[in-house]
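Visitor: I should like to learn how to read a protein model feature by feature. May we begin once the structure is in view?

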Amino acid sequence: SPNSLPQLPEQSSSSSSSALFPSFPGSESQVYSAAESQDTVFADVAPLLTSLLDGYNVCIMAYGQTGSGKTYTMLGPQSEDDVTLSIEDELELGIIPRATEEVFRLISEKPSGSHWVEVSVVEVYNNEIFDLLAKDSCGRVFGVKRDVVTTKEVHSTIKFLQLVDKGLQLRVKHPTLVHAHSSRSHLVVTLTITMKAVSADSFASSPAQFESTEKLKHIKTKLQLVDLAGSECVGMSGVTGVALRETSFINRSLSALSDVLGAIAEQRSHIPYRNSKLTHLLQDSIGGNAKLLVMLCVSPCQKYVAESLQSLGFGTRARQVQRGQVKKRNLPVSSKSK
Ligand SMILES: Nc1ncnc2c1ncn2[C@@H]1O[C@H](COP(=O)(O)OP(=O)(O)OP(=O)(O)O)[C@@H](O)[C@H]1O
């Protein structure tokens, strides 16, 4: 509630608090203080990863004004010079590395060779998709603008972290008055899990994409982990020129995302996924049978009350999605189960 925003002195964004707005049935919203550990937050996120291996597409995204703690929540602490995600800072690691670790842990409990994981890392900048895993002819990594993105098979969290690190070094950042290292793009890390299905029976109630080849049946599910660019009021962030243009693209794509969530919540026949590259990219994991979780990052400073209310409005819309979720898609059944 806006009335309960703490009356704190102005302070840095490191004192932000995050609210968890799960939008799937059976879950409660959670509010976390700035003192809450990454461990505590992740404990509430982890069950979604079991759903992933049960055949659901899952999207976990952080939304909030610039400097409110989205990157910290999703990745962990970062500075301009060091974007490395280090296993040594394990306690500080955010949702993206922890979720990947959990996915590999869950897979290790399955029969060997029955699951494999592919990763892509992209940023959506000024409504264009940049592939952060693409390399030029000299082997140097750089962001390449394109719609078909590189995917790499990974077998461990360490390999995954190395890939994401490379991508992070290329992410577009510009200082604003609110945040010196503001991310100016949406970062989307996608893990695609392919599961060998012995028969369709085992996935009879799963909504996942079902692929049939001559001899083998595969189930593919997608986990999309999203660190959104900050929603911001231009007056507050003091941006001009290139940064102002970026802000306008950021705000437009965030409002396209909000429109999509609204359309899903209202069960409209047309969901405007194609209104922005961001929503198009997230289509499989925010619509249909997917499970969406929004981490809402909110500053405790009174000065940012307008931004905080705007973020809470987005969270409210995301929560309404559960009512609008379409019914489970039934998978085709194998001849054995006919
Ligand atoms: N809960 C927290 N505990 C400790 N430090 C935090 C916490 N949340 C944020 N911070 C710190 O606050 C600063 C800003 O956070 P962060 O970079 O995550 O913001 P952001 O919302 O991603 O900003 P932008 O949208 O501008 O990229 C960072 O130095 C980060 O390490």
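Visitor: In which helix is A43 found?

Guide: The model before us is predicted. A43 is found in helix α1, which spans residues 38-45.

Visitor: Is A43 buried or exposed, and why?

Guide: Burial is judged by counting C-beta atoms around a residue: 20 or more others within 10 Å make it buried, and 12 or fewer make it exposed. A43 has 11 C-beta neighbours inside 10 Å, and therefore counts as exposed. As for position, A43 and S231 lie 188 residues apart in sequence, and their C-alpha atoms are 27 Å apart in space.

Visitor: What does the overall inventory of the protein contain?

Guide: The protein has 9 helices and 13 strands. Of its 338 residues, 44% are buried. Contacts tell us how the chain is arranged: among those between residues at least 6 apart in sequence, 70% join residues at least 24 apart.

Visitor: Let us turn to strands. Which strands are joined to β12 by bridges, and in which direction do they run?

Guide: Bridges are read in two steps, first by direction and then by individual partners. Strand β3 (residues 58-64) runs parallel to β12, with 5 bridges joining them. Strand β10 (residues 186-197) runs antiparallel to β12, and 11 bridges join that pair. As individual partners, V58 is matched with L223 in β12, T194 with K220 in β12, and I193 stands opposite T221 in β12.

Visitor: Why is β12 described as largely enclosed?

Guide: The description follows from a count along the strand. β12 covers residues 217-227, and 8 of its 11 residues are buried, so the rest of the structure largely encloses it. Strand β10 is also mostly covered, with 9 of its 12 residues buried.

Visitor: Which further strand is joined to β10?

Guide: Strand β4 (residues 115-125) is joined to β10 by 10 bridges, and the two run antiparallel. Within this pairing, the bridge partner of V122 is V188 in β10.

Visitor: How many bridges join β3 to β13?

Guide: There are 7 bridges between β3 and β13, which run parallel. One of the facing pairs is I60 and L293, the latter in β13. Strand β13 (residues 291-298) has 8 of its 8 residues buried, so it is largely enclosed by the rest of the structure.

Visitor: Which residues of β13 point each way?

Guide: Here one reads the two faces of the strand separately. K291, L293, M295 and C297 point one way, while L292, V294, L296 and V298 point the other way; all are buried.

Visitor: Which residues touch the most other members of the largest nonpolar core?

Guide: That core has 71 residues, and those touching the most other members are L52, C59, I60, M61 and L225. Helix α7 (residues 241-265) gives the most to the core, namely 8 residues. When its neighbours within four places in sequence are set aside, M61 is in contact with V226, L228, V294 and M295.

Visitor: How should I read a helix such as α7, and which of its residues are buried?

Guide: An α-helix has 3.6 residues a turn, so residues three or four places apart point the same way. In α7 the buried residues are E246, T247, F249, I250, S253, L254, A256, L257, V260, L261 and I264. A second reading is by length: the 25 residues of α7 reach 36 Å from first C-alpha to last, close to the 36 Å expected at 1.5 Å a residue. After α7 comes Q267, whose phi is positive, near 55°.

Visitor: Why is helix α8 said to be largely enclosed?

Guide: α8 occupies residues 277-286, and 7 of its 10 residues are buried, so it is largely enclosed by the rest of the structure. The buried residues are K277, L278, T279, L281, L282, S285 and I286. Just after α8, G288 takes a positive phi of about 55°.

Visitor: Finally, which residues does the UniProt annotation "binding site" cover?

Guide: An annotation is taken from a record and then placed on the model. The UniProt entry, which is unreviewed, applies "binding site" to G64, Q65, T66, G67, S68, G69, K70 and T71. Q65 lies in the loop between β3 and α3 (70-74), and T66 also has its place in the loop between β3 and α3. Q65 counts as buried because it has 26 C-beta neighbours inside 10 Å. T66 is buried as well, with 28 other C-beta atoms within 10 Å.

Terms used
Residues are numbered from 1 along each chain as its sequence is written. This is a predicted model: local features need pLDDT of at least 70, side-chain atom pairs count only at pLDDT 80 or more; totals for chains, interfaces and linings use all residues. A nonpolar core is a set of buried Ala, Val, Leu, Ile, Met, Phe, Trp, Tyr and Cys residues joined through C-beta atoms within 7 Å. Helices (H or I, at least four residues) and strands (E, at least two) are DSSP runs, numbered from the N terminus. Two residues are in contact if their C-beta atoms, placed from the backbone, lie within 7 Å. Two strands pair if DSSP finds at least two bridges between them. UniProt positions are given in the numbering used here, feature names are shortened, and annotations may be inferred rather than shown by experiment. The expected span of a helix is 1.5 Å times one less than its number of residues.
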